[in-house]
Amino acid sequence: MAKKESKNGLTLQFIPFSDISHLSSVERIKKLLKIVLDNKVIVLQGRLKPEEETRLIEDTMIMIGNIKGFKGVELSVVESNSDDKTLFDKMRFGLAKVIAGQQDAITIIGPASVIKEMKKDPKKLEVMMR
Amino acid sequence: MAIKILKDFTKRMFGLFFKTKKQISLGFYGPPNAGKTSLANRICKDWTGEEIGKVSKLPHETRNVQFKEEVEIKYKEKALKFKLVDTPGIATKIDYEDFVKAKMQKKQAQRRAKEATQGIVEAIKWLDDMDAVVVVLDATENPYSQVNLTIVGNLVARKIPVLIAANKVDLKKADVKKIELAFPDYDVVGISAKDGKNIDEFYESVFKLAKKT
């Protein structure tokens with residue numbers, strides 16, 4: 001697990017997919033939100049399942065109401081462009097996704113008190129800090 | 001395994017039988033201030049003469065799931081009954097200070113923020129009760145926000161048919177093409193809930209959507 005700290009105290013925490021692959025959905029969300037509560041920005045290899053993303057939103061909303069000063073999270077997923085892949089590659093990646101989860105993506109999750117906004121388009125992701 | 005297949009088959013058959021008799025639950029989901037309530041209001045007014053909820057320029061005006069049952073919509077001599085479910089806008093963050101900036105008193109802003117967070121949880125819970133969903137997006141905003149992708153991703157995972165309504169086409173900045181490019185696998189219809197532009201095209205798409213349920 002690699003950590004990088006800049007002068008103004010921003011901490012990025014890289015989480016390889018292998019760190020969460022064995023966890024249940026509830027444990028994954030718990031782990032990620034615990035890091036976010038430490039005011040760290042998570043760079044996660046791979047992406048959560050759709051139902052885990054909504055669970056993350058639900059738990060975030062509950063935490064806003066219960067943890068003083070917590071305003072929520074900024075979340076964004078950057079995926080590889082499947083348009084560039086051949087049919088065979090798409091099938092291969094589809095099968096790998098079913099077996100091992102989607103690892104050919106990067107998910108960024110950070111506290112809304114640290115990240116002001118994430119602007120995304122098909123080619124880039126801009127992260128604006130506070 | 002065989003029991004599970006039999007159970008699923010029975011459930012589907014029951015579902016088919018009841019769906020022909022009952023109404024279709026049509027949810028309106030999307031980010032805050034995209035015009036979900038405005039669109040639900042327009043449909044309700046068109047077919048029942050009543051509105052479903054209050055609208056405001058301030059985000060998170062809808063903080064509870066609100067619905068209207070037995071709304072009969074007619075299109076080309078066909079009629080379908082819907083339960084229209086208007087939901088609070090889904091967001092990943094809520095800061096009461098944003099409401100204070102909009103000249104709301106601190107206590108009122110804090111209460112609004114708290115209700116908004118509860119509304120989001122409620123909206124997500126209601127996803128399971130939907131037969132079909134209209135994802136309402138503001139056509140003047142960037143469609144690639146993660147909230148939009150998460151909502152659509154969840155509907156796909158739950159096998160709920162989706163129609164995307166690109167709202168606010170009455171505004172100059174509206175870009176329906178951009179929304180079509182962001183969601184190439186879905187039917188996108190540009191509309192203005194405010195002035196009713198393209199509403200017939202929208203009803204046509206809703207009937208197509210209903211066929212998929």
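## An exposed strand residue

Let's start with Glu70(B), which has 12 C-beta neighbours inside 10 Å and so counts as exposed. Keep in mind that we are looking at a predicted model. Glu70(B) sits in strand β2 of chain B, which covers residues 66-75. Its phi angle is near 55 degrees, a positive value in a residue other than glycine.

## Two loop residues in chain B

Asn33(B) also has a positive phi without being a glycine, with a value near 65 degrees. You'll find Asn33(B) in the loop between β1 (24-29) and α2 (36-47) of chain B. Is Asn33(B) buried or exposed? With 22 C-beta neighbours inside 10 Å, Asn33(B) counts as buried, because 20 or more is what that label asks for.

Now hop along to Val55(B), in the loop between α2 and β2 of chain B. Val55(B) has 19 C-beta neighbours inside 10 Å, so it counts as partly exposed. Setting aside neighbours within four places in sequence, Val55(B) touches Thr37(B), Ser38(B), Asn41(B) and Glu61(B). Leu163(B) is another matter: 108 residues separate it from Val55(B) along the chain, and the two C-alpha atoms are 22 Å apart.

## The nonpolar core

Next up is the largest nonpolar core, a set of 74 residues. Which residues have the most contacts inside it? They are Leu84(B), Val133(B), Val135(B), Ile164(B), Ala165(B), Ala166(B) and Ile179(B). Strand β4 of chain B, residues 132-138, gives the most to this core, with 6 residues.

Let's zoom in on Ile179(B). Leaving out neighbours within four places in sequence, Ile179(B) is in contact with Leu137(B), Ala139(B), Pro143(B), Ile164(B), Ala166(B) and Val188(B).

## Chain A on its own

Chain A is built with 3 helices and 7 strands. Walk along its sequence and you meet them in the pattern β-β-α-β-α-β-α-β-β-β. Chain A has 130 residues, and 27% of them count as buried. Among its contacts with a separation of 6 or more, 67% link residues 24 or more positions apart.

Two of the helices in chain A pack against each other: α1(A), residues 25-37, and α2(A) have axes 10 Å apart and an angle of about 50 degrees. That angle makes α1(A) oblique to α2(A), and the crossing is right-handed. On the α1(A) side, the contact uses Ser25(A), Arg28(A), Ile29(A), Leu32(A) and Leu33(A). The α2(A) side brings Glu52(A), Arg55(A), Leu56(A), Asp59(A) and Met63(A). Sorted by class, this contact has 5 nonpolar, 1 polar and 4 charged residues.

## Where the chains meet

Time to bring the two chains together. How many residues does each chain put into the contact? Chain A gives 23 residues and chain B gives 18. On the chain B side, α4 (106-126) and α5 (146-157) each supply at least two residues. That side of chain B is made up of 7 nonpolar, 8 polar and 3 charged residues.

## Helix α2(A) and its partners in chain B

Helix α2(A), residues 50-66, packs with α4(B) at an angle of about 155 degrees, and their axes are 9 Å apart. Why is this pair called roughly antiparallel? The label fits α2(A) and α4(B) because angles over 145 degrees count as roughly antiparallel. Their crossing is left-handed. From α2(A) come Thr54(A), Ile57(A), Glu58(A), Met61(A), Ile62(A), Ile64(A) and Gly65(A), while α4(B) offers Lys114(B), Thr117(B), Ile120(B), Val121(B) and Ile124(B). By class, that contact has 7 nonpolar, 3 polar and 2 charged residues.

Helix α2(A) also meets α5(B), where the axes come within 8 Å and cross at roughly 130 degrees. These two helices, α2(A) and α5(B), are therefore oblique to each other, and their crossing is left-handed. Here Pro50(A), Glu51(A), Glu53(A) and Thr54(A) meet Thr150(B), Gly153(B), Asn154(B) and Ala157(B). This set divides into 2 nonpolar, 4 polar and 2 charged residues. Look out for Thr54(A), which takes part in the contact with α4(B) and in the contact with α5(B).

Technical notes:
Residues numbered from 1 in each chain as written. Chains lettered and ligands numbered in written order. Predicted model: local features only at pLDDT ≥ 70, side-chain atom pairs only at ≥ 80, totals over all residues. Core = buried A, V, L, I, M, F, W, Y, C linked by C-beta atoms within 7 Å. Helix = DSSP H or I, 4+ residues; strand = E, 2+ residues; numbered from the N terminus. Contact = placed C-beta atoms within 7 Å. Nonpolar A, V, L, I, M, F, W, Y, C, P; charged D, E, K, R; others polar. Axes fitted to C-alpha atoms, helices over the stretch in contact; angles between N-to-C directions. Parallel < 35°, antiparallel > 145°, perpendicular 65-115°, else oblique. Left-handed = near helix turned anticlockwise from the far one by under 90°.
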